[in-house]
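Colleague: I should like to learn how the features of a two-chain model are read. May we go through them in turn, with the structure before us?

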Amino acid sequence: VSRDDSVDAVFAALGDPTRREVLRLLSEGPSTATELSGDLPVSRQAVAKHLAALDEAGLVSAERTGREVRYRLTPAPMADAASWLGDIGARWDRRLEALRRHLDRS
Amino acid sequence: MQPLGCESGYDGLGDFATVELRVGWGTWRRDMGERDRVVREVVLPAGRNEVWDAITQPERLADWFGGEVEIDPAPRGRVAHRAPDGSVRTGFVLSADRPFRLSFWWVADGDDGDPDDGTQVEFVLLEHAEGTALTVTEFPAANPAIRGTGPSPAMAL
């Protein structure tokens, strides 16, 4: 999977308000689809589908304990995606500062 | 860059069509349906023609851009940059409207030169009480020659 594809996958996953709410709930600690559906206005099946999409994007990981599957946040892909744009942003910060100094001199 | 806080990354997003991630260097914003982009705006103590010259003339670019850079400010004009670390990006100018707007597309040369990794850069220069408000935007973009809105592929690089 190319870097660009993973950035796209992260943003596609973040594009849905229910999935963002799932992530917000998971930021409080690992949880199961059943527990999450208790806090959300959608069915357990719908939560499971959202969790699968988030898993696909690498934003959550599933851990099976007996019959239970708990999901936890894995923020690394978001940090990667942010870092990729962060590099470009930092480059322009440096250049624009240098451009300002250049114009001060000329 | 600071690691991304999960909580801060999602707070206040609501149901809006814009996703924002707040990270150490600022805000990363994506309007859904667009590609992610870097936007920087600065006010520079010079008129627009002066700023235009500074972002297009080779001897002036050499003083601030970093590395060796060439931007031919005309449609299909060549863009080439050799960064201080030796990496090279090349591309071409998409539009040049002195002293208001300059945009170009470029992509890394060599093994990393996947056309899908290209980006588009846009400079917009607006009059400002203290000089010129310059906005720079850079965002991922497929080669415009291949996606059919720019020069023919043969013109691309």
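**Reading a predicted two-chain model**

Modeller: Let us begin with a helix contact. In chain A, Thr18(A), Arg19(A), Val22(A), Leu23(A) and Leu26(A) of helix α2(A) meet His50(A), Leu51(A), Ala53(A) and Leu54(A) of α4(A). Please bear in mind throughout that this is a predicted model.

Colleague: At what angle do α2(A) and α4(A) pack, and how far apart are their axes?

Modeller: Two packed helices are described by the angle between their axes and by the distance between those axes. Here the angle is about 80 degrees, and the axes of α2(A) and α4(A), the latter spanning residues 44–56 of chain A, lie 10 Å apart. Angles of 65 to 115 degrees count as roughly perpendicular, and α2(A) and α4(A) are therefore roughly perpendicular to each other.

Colleague: How many helices and strands does chain A have, and in what pattern do they follow one another along the sequence?

Modeller: Chain A has five helices and three strands. Their pattern along the sequence is α-α-β-α-α-β-β-α.

Colleague: In what order do the three strands of chain A stand in the sheet?

Modeller: The order in an open sheet is read from which strand pairs with which. In chain A it is β1-β3-β2, with antiparallel pairing. Strands β1 (31–32) and β2 (60–65) of chain A are at the edges with a single partner strand each, so one side of each has no neighbour in the sheet. Helix α2 of chain A, residues 17–26, packs on this sheet and touches β1, β2 and β3 of chain A; its direction makes about 90 degrees with that of β3(A).

Colleague: How many bridges join β1(A) to β3(A), and which residue stands opposite Ser31(A)?

Modeller: Two bridges join β1(A) to β3(A), the strand of residues 68–73, and the two strands run antiparallel. Opposite Ser31(A) stands Tyr71(A) in β3(A).

Colleague: What share of the residues of chain A is buried, and what share of its contacts is long in sequence?

Modeller: Of its 106 residues, 42% count as buried. Among contacts in chain A with a separation of 6 or more, 47% are between residues 24 or more positions apart. The exposed area of chain A is about 5400 Å², of which carbon and sulfur atoms supply 47%.

Colleague: What are the corresponding values for chain B?

Modeller: Chain B has 157 residues, of which 43% count as buried. Residues 24 or more positions apart account for 35% of its contacts with a separation of 6 or more. Chain B exposes about 7600 Å², with 49% supplied by carbon and sulfur atoms. Its secondary structure comes to four helices and nine strands, in the pattern α-β-β-β-α-α-β-β-β-β-β-β-α.

Colleague: Which side chains of strand β3(B) are buried?

Modeller: One examines the direction of each side chain along the strand. In β3(B), residues 38–44, the side chains alternate: Val38(B), Arg40(B), Val42(B) and Leu44(B) point to one face and are buried, whereas Val39(B), Glu41(B) and Val43(B) point to the other and are not. Seven bridges join β3(B) to the antiparallel strand β9(B), residues 131–140; within this pairing, Val39(B) has Thr137(B) as its bridge partner.

Colleague: How many residues lie between the strands of each hairpin, β4(B) with β5(B) and β5(B) with β6(B)?

Modeller: In a hairpin one considers the bridges and then the turn. Strands β4(B), residues 68–71, and β5(B), residues 78–82, are antiparallel and joined by four bridges, with Glu68(B) partnered by Arg82(B). Six residues lie between them, and Arg76(B) in the turn has a positive phi of about 70 degrees. Strand β5(B) also pairs in the antiparallel sense with β6(B), residues 88–97, over five bridges; here Ala80(B) stands opposite Thr90(B). This second hairpin has five residues between its strands, and Gly86(B) takes a positive phi near 95 degrees.

Colleague: Where in chain B is the pLDDT below 50?

Modeller: Where pLDDT is low, the predicted coordinates should not be read in detail. Chain B averages a pLDDT of 76, and 66% of its residues score at least 70. Among its elements, helix α1(B), residues 6–10, has the lowest mean, 32, and helix α2(B), residues 48–56, the highest, 97. The pLDDT is below 50 over residues 1–18 of chain B, a stretch with 40 contacts in the model beyond near neighbours in sequence. It also stays under 50 over residues 22–28 of chain B, for which the model has 28 contacts beyond four places in sequence.

Colleague: What are the ipTM and pTM of the model?

Modeller: The model scores ipTM 0.72 and pTM 0.60.

Definitions and conventions: Residues are numbered from 1 along each chain as its sequence is written. Chains are lettered from A and ligands numbered from 1 in the order in which they are written. Side-chain values use heavy atoms; hydrogens and water are left out. Buried means under 20% relative accessible area, exposed over 50%, partly exposed in between (1.4 Å probe, protein chains only). Two strands pair if DSSP finds at least two bridges between them. Contact means heavy atoms within 4.5 Å. Accessible areas come from the Shrake-Rupley method with a 1.4 Å probe; for residues, only the protein chains shown count as cover. Axes are lines fitted to C-alpha atoms, for helices over the stretch in contact, and angles run from 0 to 180 degrees between N-to-C directions. pLDDT is the predictor's confidence in each residue, from 0 to 100. Angles under 35 degrees count as roughly parallel, over 145 as roughly antiparallel, 65 to 115 as roughly perpendicular and the rest as oblique.
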